[in-house]
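Colleague: I'm new to this one and would like a close look at a single part: the surroundings of the ligands. Could you walk me through that, with a bit of context on the chain?

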Amino acid sequence: MKIKVDPEKCNGCGLCEDFCLRSVYKLNEKTKKVERIRKENCVHCFLCVEKCPKKAISIVVD
Ligand code: SF4
Ligand code: SF4
(Lines give C-alpha, C1' and ligand atoms only; values in the text may rest on other atoms or scores of the structure.)
(Ligands and ions follow the chains in the order given, each with its own letter.)
Protein backbone atom coordinates (compact mmCIF):
# COMPACT_ATOMS: atom_id res chain seq x y z
CA MET A 1 0.00 0.00 0.00
CA LYS A 2 1.31 3.43 -0.98
CA ILE A 3 0.15 6.99 -0.59
CA LYS A 4 0.36 8.93 -3.82
CA VAL A 5 0.23 12.67 -4.52
CA ASP A 6 -1.31 13.73 -7.82
CA PRO A 7 0.86 16.66 -9.03
CA GLU A 8 -1.98 17.86 -11.26
CA LYS A 9 -4.27 18.37 -8.26
CA CYS A 10 -1.71 19.57 -5.69
CA ASN A 11 -1.70 23.37 -5.44
CA GLY A 12 1.36 23.57 -3.21
CA CYS A 13 -0.51 24.88 -0.17
CA GLY A 14 1.92 22.95 2.04
CA LEU A 15 -0.74 21.99 4.59
CA CYS A 16 0.25 18.33 4.49
CA GLU A 17 3.71 19.33 5.70
CA ASP A 18 2.02 20.48 8.91
CA PHE A 19 -0.59 17.85 9.45
CA CYS A 20 1.52 14.77 8.77
CA LEU A 21 2.86 13.95 12.22
CA ARG A 22 5.59 11.81 10.68
CA SER A 23 7.19 14.59 8.58
CA VAL A 24 6.73 12.67 5.34
CA TYR A 25 6.04 15.74 3.19
CA LYS A 26 8.21 18.62 2.14
CA LEU A 27 7.17 21.41 -0.16
CA ASN A 28 9.56 21.92 -3.06
CA GLU A 29 9.92 25.69 -3.19
CA LYS A 30 10.93 25.62 -6.86
CA THR A 31 8.16 23.46 -8.27
CA LYS A 32 5.58 24.43 -5.60
CA LYS A 33 4.63 20.78 -5.40
CA VAL A 34 4.86 18.63 -2.36
CA GLU A 35 7.30 15.72 -2.27
CA ARG A 36 7.29 12.66 -0.06
CA ILE A 37 10.83 12.94 1.24
CA ARG A 38 10.42 10.50 4.11
CA LYS A 39 8.18 7.83 2.63
CA GLU A 40 9.56 5.24 5.03
CA ASN A 41 8.13 7.22 7.97
CA CYS A 42 4.53 6.80 6.81
CA VAL A 43 2.33 4.84 9.22
CA HIS A 44 -0.72 4.86 6.92
CA CYS A 45 -2.89 6.91 9.27
CA PHE A 46 -4.63 8.47 6.20
CA LEU A 47 -4.82 11.89 7.82
CA CYS A 48 -3.29 13.47 4.74
CA VAL A 49 -5.77 11.71 2.45
CA GLU A 50 -8.66 13.10 4.48
CA LYS A 51 -7.31 16.59 5.03
CA CYS A 52 -5.79 17.62 1.70
CA PRO A 53 -8.09 20.44 0.51
CA LYS A 54 -7.50 19.51 -3.14
CA LYS A 55 -8.04 15.77 -2.65
CA ALA A 56 -4.63 15.30 -4.25
CA ILE A 57 -3.52 12.49 -1.96
CA SER A 58 -4.79 8.97 -2.46
CA ILE A 59 -4.12 5.43 -1.40
CA VAL A 60 -2.73 3.04 -3.95
CA VAL A 61 -2.84 -0.67 -3.31
CA ASP A 62 0.10 -2.48 -4.86
S1 SF4 B 1 -2.27 19.48 1.30
FE2 SF4 B 1 -2.72 18.64 -0.74
S3 SF4 B 1 -2.77 20.41 -2.10
FE4 SF4 B 1 -1.72 21.04 -0.22
S5 SF4 B 1 0.49 20.70 -0.65
FE6 SF4 B 1 -0.32 18.84 0.35
S7 SF4 B 1 -0.90 17.48 -1.38
FE8 SF4 B 1 -0.70 19.55 -2.19
S1 SF4 C 1 -0.81 8.54 5.89
FE2 SF4 C 1 -0.34 9.63 7.82
S3 SF4 C 1 1.83 9.20 8.20
FE4 SF4 C 1 1.44 8.70 6.06
S5 SF4 C 1 1.95 10.54 4.89
FE6 SF4 C 1 -0.25 10.66 5.38
S7 SF4 C 1 -0.44 11.81 7.30
FE8 SF4 C 1 1.70 11.14 7.06
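Modeller: Here is a walk through the ligand surroundings, followed by the chain that supplies them. Keep in mind that this is a predicted model.

Let's start with ligand 1. Going along the sequence, its shell begins with Cys10, Asn11, Gly12, Cys13, Gly14 and Cys16. Val34 is also part of that shell, and Cys52, Pro53, Lys54 and Ile57 complete it. Sorted by type, the residues around ligand 1 come out as seven nonpolar, three polar and one charged.

Now for ligand 2. Ile3, Cys20, Arg22, Val24 and Tyr25 are around it, along with a run made up of Cys42, Val43, His44, Cys45, Phe46, Leu47 and Cys48. Here the split is ten nonpolar, one polar and one charged.

So what sort of chain holds these shells? Reading from the N terminus, you meet the order β-α-β-β-α-β, that is, two helices and four strands. Contacts across the sequence matter for the picture too: of those with a separation of 6 or more, 52% join residues 24 or more positions apart.

As for overall shape, the C-alpha atoms fit a box of roughly 30 × 20 × 20 Å along the principal axes. The radius of gyration is 10 Å, which agrees with a compact globule, because 62 residues packed that way would give a value near 11 Å. Of those 62 residues, 29% count as buried. The chain exposes about 4,400 Å², with 53% of that coming from carbon and sulfur atoms.

Technical notes
Residues numbered from 1 in each chain as written. Chains lettered and ligands numbered in written order. Predicted model: local features only at pLDDT ≥ 70, side-chain atom pairs only at ≥ 80, totals over all residues. Heavy atoms only, no water. Near = heavy atom within 4 Å. Nonpolar A, V, L, I, M, F, W, Y, C, P; charged D, E, K, R; others polar. Rg over C-alpha atoms; globule rule 2.2 N^0.38 Å. Buried < 20%, exposed > 50% of the residue type's maximum accessible area, 1.4 Å probe, protein only. Contact = heavy atoms within 4.5 Å. Areas by Shrake-Rupley, 256 points an atom, 1.4 Å probe, with all protein chains shown as cover.
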